[in-house]
Every structure is written in structure tokens, then in C-alpha cells.
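The following exercises concern a single chain and are accompanied by worked solutions. Please examine the sequence and the coordinates before starting.

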Amino acid sequence: MAELHRDTDSSTDGDGDGDDGYPEDGEELRPDYDRRICSTCYELYSKSRGNDAVWRCSCRGGSYEGRRQWYIERYGSAPDIMETWSLCCLCAQDLTFGVSRWSWLVCQPCREAVTKFHESVGAFLIPIGAHSLMNGVGLQSGANIDNEAIRRFTKAIRSLSIRWTLMLDWRRIALVRNLEAAGAHPGLNLTVRQLRWRLRRAAKTDARLDQANALDQFLEWIGYKSSS
Ligand SMILES: [Zn+2]
Ligand SMILES: [Zn+2]
């Protein structure tokens, strides 16, 4: 455990993430210090708030139904997305916040990379948010909704869903690789901050681990070829 403390204490990285990112529910801890990555199921859990069903990973008794009940008991209803903080679907080393259908799937640095990529290809290819509108897919209300418009919309939603599933698959692959590079052997559950700190060191010799290259890694994995 001494090594874990050293990681955290020496991680004065000045990466500018400051104190922003506190969940709106008043959670008192910085999520990247608090959230740990379970080396068994690869889900996030909170050590300090482990009694709350909403912050347990699957192998610590976390479940969709348990989370739903937790919200209902406190707020009377459950949001569409209940994780509060989750790992970025592209780099699998940074956090993204959301407890609604407007939740982000990718972290801020990755969003910026994706936005530039979308501008360069002139299309929304990489899903960045949970709501279809965040990914350029919507059905305009009004007089022009005919069968053809509905068909196009349905096709676009299906395609979006496939791409989202691909990103979830990729996140698992990238996370396993990241944990391996960070030396997280089975039983060592790193905090997200510890993972990032270790990866920054490892990225000096392996560019694949650099967050800045996450989008390129994903595009390579899906076999995307630039037309230029
Ligand atoms: Zn677990
Ligand atoms: Zn990211």
C-alpha cells in the first residue's frame, strides 16, 4: 500500500483539473481520488462510499436494480444514466460525469479530439454523448415527418447504437491495456488518479498509452481509413 500512497502524494501534476467536476449531488470527494477501478470486473467503485449501492461495482454487489432503487429512495425517480462518474469510452483513463440522458461518453480532452476529427470528415462518426442529438441524430418535429424521414431516423439510430457498442467494447480493451501498463496486477485496485499518473510515465515509452492518441488508437482498431 505504501506504493499507492506515493503515487497519490507525488501526483501534483498541475493538469488543470482543479476542483471542478464535483457531482451535483454534493459528493464531497474528488472523484478521481475516490473512484477505484476494480481489477476483477473493471467497473468503478467507491471505497469511501461503499455502503451506497450506487457506488459499488458488480462484484461488490452493485447492480442496475440496486442503483435504481438507491435513486428512487432519495429522489423519487431514477435518471437515465445512473453512474455519475464513468471512464471515458475512448482513452479509458479519465472520467466523465453524467446522471442524465445528456451524459458524456468521452472525457473533455477526447471530446476536443473527436470534434476536430468530425470537422475534418464533415460527419458525426464517433458517439460522444448518451442522447442521439449529441451525436447529430434527431428527428425534427413539424410537418415534414413522413415515412421516409422516420426510416432515415431509425436507420441512423441503429447505426449509432452499433457504434456506441463498439466504443464500449473498445473501452474494455483500452482499460485492460492501460491497467497492464500501469502495473495493476489482480487485486490492486488503482484509483483513477493513480492510473493516470502511472500512464503518463508509461506513455513516454509507449505512445499508445498517451491520452492524446486515444482517438487514433480507436480509429485504427475499427479499421477506419482516412480518404485523404
Ligand atoms: Zn468489481
Ligand atoms: Zn478520454
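With which residues is R208 in contact, leaving aside its neighbours within four places in sequence? The model is a predicted one, in which local features need pLDDT of at least 70 and side-chain atom pairs count only at pLDDT 80 or more, while totals for chains, interfaces and linings use all residues. Residues are numbered from 1 along each chain as its sequence is written, and chains are lettered from A and ligands numbered from 1 in the order in which they are written.

**Exercise 1. Characterise R208.**

Step 1. Apply the contact criterion: two residues are in contact if their C-beta atoms, placed from the backbone, lie within 7 Å. Beyond four places in sequence, R208 has contacts with N213 and Q217.

Step 2. Locate the residue. R208 belongs to the loop between α6 and α7, where helices (H or I, at least four residues) and strands (E, at least two) are DSSP runs numbered from the N terminus.

Step 3. Assign the exposure class. A residue is buried if 20 or more other C-beta atoms lie within 10 Å of its own, exposed if 12 or fewer, and partly exposed in between, with C-beta atoms placed from the backbone. R208 counts as partly exposed because it has 15 C-beta neighbours inside 10 Å.

Step 4. Add a backbone distance. The C-alpha atoms of R208 and A174 are 9.5 Å from each other, although 34 residues separate the two along the chain.

**Exercise 2. Determine which side of helix α7 is buried, and what it packs against.**

Step 1. List the buried residues. In α7, which spans residues 214–221, these are A214, L215 and F218.

Step 2. Consider their directions. They lie on the same side of α7 because they cover an arc of only 100° around the axis, the arc being that of the directions from the helix axis to the C-beta atoms.

Step 3. Identify the partners. The buried residues of α7 pack against α4 (108–121) and α5 (147–181).

Step 4. Inspect what comes next in the chain. G223 follows α7 and has a positive phi, near 80°.

**Exercise 3. Describe helix α6 and the surroundings of L199.**

Step 1. Judge the cover of the helix. Eight of the 11 residues of α6 are buried, so that the helix is mostly covered. Among these buried residues are V192, W197 and L199.

Step 2. Turn to L199, which is part of α6 (residues 192–202). L199 is buried because 22 other C-beta atoms lie within 10 Å.

Step 3. Collect the contacts. Not counting residues up to four places away in sequence, L199 touches Q93, N178, A181, A182 and L209.

Step 4. Compute a C-alpha separation. L199 and D210 are 11 residues apart along the chain, with 7.3 Å between their C-alpha atoms.

**Exercise 4. Find the largest nonpolar core and its contributors.**

Step 1. Define the object: a nonpolar core is a set of buried Ala, Val, Leu, Ile, Met, Phe, Trp, Tyr and Cys residues joined through C-beta atoms within 7 Å. In soluble globular proteins, nonpolar side chains tend to be buried together.

Step 2. Size the core. The largest one has 35 residues, and C88, L90, C91, V106, C110, V114 and L215 have the most contacts inside it.

Step 3. Assign contributors. At least two residues each come from β2 (44–46), β3 (84–87), α4, α5, α6 and α7. The greatest contribution is that of α5, with four residues.

Step 4. Follow one member. Not counting residues up to four places away in sequence, C110 touches C88, L90, C91, A214 and L215.

**Exercise 5. Identify where the model calls for caution.**

Step 1. Take the chain as a whole. Its mean pLDDT (the predictor's confidence in each residue, from 0 to 100) is 81, and 85% of the residues reach 70 or more.

Step 2. Compare the elements. Helix α1 (residues 2–9) has the lowest mean pLDDT, 29, and α7 the highest, 95.

Step 3. Delimit the segment of low confidence. Over residues 1–28 pLDDT stays under 50, and the model has 14 contacts beyond four places in sequence for them.

Step 4. Draw the consequence. Where pLDDT is low, the predicted coordinates should not be read in detail.
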